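Q: Hi! I've got a structure open here and could use some company while I look around. Can we go through it bit by bit?

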Amino acid sequence: MAIDYSEERAILKSVVTIQEVDDLQEWLIAHPQGEIDLGECEHMHTAALQTLTSARRTINAWPADTSFRGWIEPLLAKQEAQ
Amino acid sequence: MSPLLQQFVSETRDLLQSISEQLLEVEKADDKQTTLNELFRIVHTLKGNTGLFEFPDLTRVLHAGEDVMSEARERPEIWDQALTDLLFESMDYVSSFCDSLEENNGEPVSDSKAATQLSKDLRAYLDGNNSEANAEATDSGAANEPQKAKKAATKTKKATAQKKSAGGSSKRRPPRAKGLPPEHSLLKVLPVDTLIEAWTASSPDEPIWLVKYSPLAECFFQGDDPLHTARSTPGVLWGKVENACATQDINDLDPYQCVSTFTLLSNASEDELHEHYRYVTEQTDIEELSSHHLLLLSGDDQNDALPEDTVDALCDAVEAIQFDTASDIATTALELLNKDLQAAAALRWVIAITSDTDAQENEAKEALIVVCQRLRHNQHLSGYRFSEPEPDEKIEERKEEHEPEESRLDTYTESTTDLSGADTEDLLDALVEDDREAFEHIVRTQGRILELDPTVDWAKGRLRATCNVLIKTTASLGLSSLIPALEEAVNAALSGNTEPLADWINEVIPGACSAVGAGSESNSAEDESRNPDNLDTQQGPEDTDMEATDISEESGEENPDESSDESTADEAAEGSSEDTESQDTETTEQPEIQAPAATAPVETPAEKQTADKASSFKPEPAVAPSKSVKVDQEKIDRLMNLIGEMTVAKNALPFLAKRAEEQHGLRDLAREIKEQFAVVNRIAEEMQDSIMQIRMMPFSFISMRFPRLVRDISRRLNKDVQLVIEGEDTEADKNIIESLAEPLIHIVRNSLDHGIEAPDVRKQKGKPATGSLTIRASQEADRVMIEIQDDGKGIDPEVIRNKAFEKGLIDEATRQRLTDKEAVNLVLMPGFSTADEVSDLSGRGVGMDAVRSAVDKVNGTMALESQVDKGTRIRISLPMSIAVTRVMIIESDNQLMGIPMDQVLETVRVPRSDIHTVKHVKTTVLRDRIVPLKSLNELLALPAEQIINEEEEHAVLVARVGNDVIGLVVDDFRGSVDIIQKPMTGVLSGMQAYSGAALIGDGSVLMVLNLKEVL
């Protein structure tokens, strides 16, 4: 599992595959205030990105890989601002 | 070759056939739409099939073809003969590709160059027509004029870029604009840091690529991760993901539908990119940009951010190639400046470019000039005349290459500097045609917006948007002399009096605005209605609406998104002219629908096309399971052989019955065997019939290639020919049908080439200009008749006679004796047609003997009738099946032999006294005709005399061999029988006297005589 869930945050690690999207979505629905930690995330499947975009959550930590961060930040940060 | 590949090849062949039918149909059809739809569908399927394998060349050609068809579907008027030719050519390419696939066992030898050329040609067609279409679109003057104009500009730019690369040298050179390259709406939103980074990473000589990738919604199910694909793009400089998920509730989200789109910049080679996206070529749009496209000033707009003298000093330094000075000026000025301003971006560019040690001096200067021009433009300063950075031939060349851009730049600098005194009309005249048109449309539209109801809630925002559009448009075209008046008018308008603005518009474009200054007082209920969701939806189009966004900075009080919202609403309102209210509600309620609609204007044409395609093809009509099964011919042949053996085996039963009765005296048993035989016989015969049916093919199998053939040849010869094909469902054995293909093509070609005259000649002769060629297939008893008839100039028998005589094929007597009909048939004689004669003659006869021998091979006959100036008719008669042959069994010297029934005219008993010897040849007179007689024993070198019956009569079988009738003297006749003839194999195959052998019921072998060889 590339995602560690706790009550207040989901920590995404290494590569998040599409198999984990269902769980992620469930967790996001169950934890409307849950935050996201992408610090150790190297890649996430497009489906996971879409789910996160839709969830509009605070991102605690951005991926260390700046290029990856560059791809996803505009999409996820926008929600954070609101 | 794998079974999958085999199936692919066979399906491709079928699809190609349908394509070529449809192509011809399109040319004829009145209602092109249906046919084009069908055509598109087939090409789409075909292209989809190629996706299973790795044949990039094939896919490329088909993809181009598909795009063209898709375009044609929307605008059938682009269809013309040249396009049909091109598409035919492409289909030929696909067909030859399949051939090479089969020949090389799945490893095609593909002609990459041809593929590239074809796809370029096809695409050139697309682009050429596209720009026209855009001109039209701009004319139609709809609501979102600015976007459209911009779109048209982008498209044209793209088209020219592609044309250049198509026609240009093999070393691709990006279209380097000497002036300001158009600002790319997608790039414009990028932070300047990203742009600088990308610029530094790319070499000025290499193009960079803007890739737009819109994966299919269901792509996750195909194991795709588009984000990964995008991220792993070779040479990626920058990229972003867009999706509308933010507006969607997480509870309702279907995460397995891909709704993301990707945009990225790459400096990899075009090939690398195509390779990377080869599986999703349909969903990607790769646009070529030069590094100058990156030189954009992103950030906030502010007119007077930099003092004019600073800018001038900067430009001077650039002009003098004092990069250090320029860099210093920039660094100093930057310290004083808000980093978010566009001016600051320009300064950062200057610093970045001057400190880029890799860049050549002239390249750097070119880039700096672009930056400076943009900066001046942005600061509303007049243009600065820079000298050419690189005064050698290369530049000259380039200048010529890029004439349009060049002239645009000239206009730009001149109009900004010198035209202050000229009146509006002259100013506009000085603009490039495209710019002028776009400008007029934009102003006109704004005029119309001004005319709208000023009492609505959003009137103020709308007015702002209008003002902003006008100011920006005017400034961007360098019409600086118009600006002061405009600014005044705008100020007045914003403070409530739109009259001066309307006047200004009318001054520029007379009659564009009829609005009377009715001050919009309605700024009260301005902001309440916007909820965050709504805003969010509208974020998509923010790059389209740069103008609209900018105004908020000027007024400095509104959220940029908000005014963007307003202007979009305005433009929508302009489209529907009213009912903006409901549109607003819609927006709020159904954000996910509104979002794509709002982004639509930014989409490039290709993208849009892809989207259209995707949407129109998602509900692929369910294909009914095909009722036919493809079976290898060998399997049917095996069935055929088995039923042959079965027939023989069953035919042994009567012999058995006979033996039971005669030798063992078991009459009952014999009867039972006979009864049993009747049952087996019936089943066997039915089975044989059914198997024959399997082998039967309709005539259409070969006739369907004629329309294309006739079209191609007649086009090449400039003749008008109407082809009529009748009896396409006439069936015959596969072998027969296939053996007919070549000869028929030959005949048709002859008819077109030498038979049917050119239209003007035909008119002179009083015939309709359009010649007609009829191919008719019909069934007569157990034979298939094929008739090819034209109404051309026919064959002159006199010419044929003389030629045949000269050639020594006939003697003087024959020449005199031959009737016209017989003379015409001389063209079928072997040796008659050789090249030199053909050119003298009407030409008929090219390879006619080849045709004839092909027909002979399947036991067919052919005859030719012709009348000068009336036309020619060729009749071919063929057996329906060659699998089962009916033979006459004869006996000679105690041996049984078969003679094919279709050669047998009659069997007679000739009294010995009626046989006379004429010139050492035995003859007899039958039905007033002299028939030469030949003894079979003699012919076969059997040492026995032919046996005579008690009445001293010879058994004579009268047979037709070619055009001759001869009497074959045999010992006795034994009736006729159906046999399955097997060709002679092994050492026997050299024996020409027999055409084959067959087993008969008693298990003995029957040799079938080949009379032609025997005589």
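A: Happy to! Keep in mind that this is a predicted model. Chain A has a mean pLDDT of 84, and 93% of its residues reach 70 or more.

Q: Where in chain A is confidence highest, and where is it lowest?
A: The highest mean in chain A is 89, in helix α1 (residues 21-30). The lowest is in helix α3 (residues 66-81) of chain A, with a mean of 75.

Q: How many helices and strands does chain A have?
A: Chain A has three helices and four strands. Starting at the N terminus, the order of elements in chain A is β-β-α-β-α-β-α.

Q: And what share of chain A is buried?
A: Chain A has 82 residues, and 50% of them count as buried.

Q: OK, switching to chain B. What is the strand order in the open sheet there?
A: The five strands are arranged as β6-β8-β9-β11-β10 in chain B, and the pairing is mixed. From one strand to the next, the twist averages 10°.

Q: Which strands stand at the edges?
A: Those are β6 (721-726) and β10 (861-867) of chain B. Each has a single partner strand, so one side of each has no neighbour in the sheet.

Q: Let's walk across it, then. Do β6(B) and β8(B) pair in the parallel or antiparallel sense?
A: Parallel: β6(B) and strand β8 (residues 771-780) of chain B are paired over six bridges. To find the spot on screen, look for B:Ile725, which stands opposite B:Ile775 in β8(B).

Q: What about β8(B) and β9(B), parallel or antiparallel?
A: These two are antiparallel, with eight bridges. Here B:Ala777 has B:Ile786 of β9(B) opposite it.

Q: How many residues sit between β8(B) and β9(B) in their hairpin?
A: There are two residues between them. B:Ala781 is in that turn and has a positive phi of about 50°.

Q: What does β9(B) have on its other side?
A: β9(B) is joined to β11(B) by eight bridges, and these strands run antiparallel. B:Ile786 turns up again here, standing opposite B:Ile876 in β11(B).

Q: Is strand β9 of chain B largely enclosed or left open, and why?
A: Largely enclosed by the rest of the structure, because seven of the eight residues of strand β9 (residues 783-790) of chain B are buried.

Q: New topic: salt bridges. How many are there over all chains?
A: The count is 39 over all chains.

Q: Can you show me a buried one?
A: Try B:Arg762 and B:Glu757, whose closest N and O atoms are 3.1 Å apart. B:Arg762 counts as buried because its relative accessible area is 0%. B:Glu757 is also buried, at 5%.

Q: And which residue does B:Lys765 meet in a salt bridge?
A: B:Lys765 meets B:Asp869, with 2.9 Å from N to O. B:Lys765 is in the loop between α33 (759-764) and β8 of chain B, while B:Asp869 is in the loop between β10 and β11 (871-879) of chain B, so the pair ties together parts 104 residues apart in sequence.

Q: Are B:Lys765 and B:Asp869 buried or exposed?
A: In between: B:Lys765 is partly exposed at 35% relative accessibility, and B:Asp869 is partly exposed at 36%.

Q: Got one inside a helix?
A: Yes, B:Glu798 and B:Arg801 form a salt bridge of 2.7 Å, N to O. They are three residues apart in helix α34 (residues 797-806) of chain B, so about one helical turn separates them. B:Glu798 is partly exposed, at 40%, whereas B:Arg801 is buried, at 9%.

Q: Which residues are linked in a network of salt bridges?
A: In chain B, the linked residues are B:Asp85, B:Asp92, B:Arg708, B:Arg711, B:Asp712 and B:Arg715.

Q: Last one: which residues make the nonpolar surface patch of about 300 Å²?
A: That patch is made by B:Met646, B:Val679, B:Ile683 and B:Met687. Helix α29 (residues 667-695) of chain B gives the largest share, three residues. B:Met646 is found in helix α28 (residues 633-662) of chain B, and B:Met646 is partly exposed, with 33% relative accessibility.

How values were computed. Residues numbered from 1 in each chain as written. Chains lettered and ligands numbered in written order. Predicted model: local features only at pLDDT ≥ 70, side-chain atom pairs only at ≥ 80, totals over all residues. Heavy atoms only, no water. Patch = residues over 30% accessible without salt bridge, like charges linked within 9 Å, V, L, I, M, F, W, Y side chains within 5 Å. Areas by Shrake-Rupley, 256 points an atom, 1.4 Å probe, with all protein chains shown as cover. Salt bridge = Lys/Arg side-chain N within 4 Å of Asp/Glu carboxyl O. Buried < 20%, exposed > 50% of the residue type's maximum accessible area, 1.4 Å probe, protein only. pLDDT = per-residue confidence, 0-100. Pairing = 2+ DSSP bridges. Axes fitted to C-alpha atoms, helices over the stretch in contact; angles between N-to-C directions.
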